[in-house]
Amino acid sequence: MNKYNERNRQSQLPIQLANIGLLFDQLLYLIHKVEEIDDKIQNQQSSSTDEKEDIIQVKEAARIIGRSVSTVYIKASKRQIPCWNDGGRLLFSRKDLTEHILANKDKQEKETHSDGSIKDQMKKNRKKYTKKK
């Protein structure tokens with residue numbers, strides 16, 4: 001009886017090894033899918049975090065543009081800087097604000113280079129507005 005059981009075990013050994021190989025392949029496939037799902041979740045969380053960090057309030061906007069809070073309110077009311085009102089709160093997009101500042105910086109540099117230095121412009125303006133005696 002022992003020999004019969006031994007032969008039976010030996011004949012089923014390749015089948016068991018094949019099953020283990022299939023199980024291993026399936027396990028690797030599942031691990032790969034779980035990693036893909038985890039990557040998608042992390043990407044969604046980071047993009048929503050980026051969007052939340054992009055929206056700022058007046059104090060942060062004032063810090064970015066280097067002006068006081070009251071100046072930011074004045075510029076916002078005159079639509080000189082990009083913003084929107086959300087139920088009584090003035091909100092800004094950090095990205096839009098930075099782009100706006102860089103665009104205006106380029107315009108100011110072009111104007112300064114074409115008209116001369118700022119001191120020269122101030123002298124010209126002084127001459128215009130001073131009274132001749």
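Visitor: How many helices and how many strands are there in the chain?
Guide: This is a predicted model, so keep that in mind as we look around. Starting at the N terminus, the elements run α-β-α-α-β-β-α-α. Tally the two kinds and you get five helices and three strands.

Visitor: In what order do the three strands sit in the sheet?
Guide: The sheet is open, and its pairing is antiparallel. Strand 1 (55–56) and strand 2 (84–86) stand at the edges with a single partner strand each, so one side of each has no neighbour in the sheet. That gives the order 1-3-2.

Visitor: Which residue in strand 3 does I56 stand opposite?
Guide: Strand 1 and strand 3 pair in the antiparallel sense, over two bridges. I56 belongs to the largest nonpolar core, and so does the residue facing it. That residue is F92.

Visitor: Which helix gives the most to the largest nonpolar core?
Guide: The core has 12 residues, among them V58, A61, A62 and I65. Helix 2 (58–65), helix 3 (69–77) and strand 3 (89–93) each supply at least two of its residues. With four residues, the top contributor is helix 2.

Visitor: Leaving aside neighbours within four places in sequence, what is A62 in contact with?
Guide: A62 is one of the residues of that core, and so is V72. Beyond its sequence neighbours, A62 is in contact with R67, S68, V69 and V72.

Visitor: What percentage of the chain's residues are buried?
Guide: Here a residue counts as buried when under 20% of its relative area is accessible. The chain has 133 residues, and the buried ones make up 11%.

Terms used:
Residues are numbered from 1 along each chain as its sequence is written. This is a predicted model: local features need pLDDT of at least 70, side-chain atom pairs count only at pLDDT 80 or more; totals for chains, interfaces and linings use all residues. Side-chain values use heavy atoms; hydrogens and water are left out. A nonpolar core is a set of buried Ala, Val, Leu, Ile, Met, Phe, Trp, Tyr and Cys residues joined through side-chain atoms within 4.5 Å. Buried means under 20% relative accessible area, exposed over 50%, partly exposed in between (1.4 Å probe, protein chains only). Contact means heavy atoms within 4.5 Å. Two strands pair if DSSP finds at least two bridges between them.
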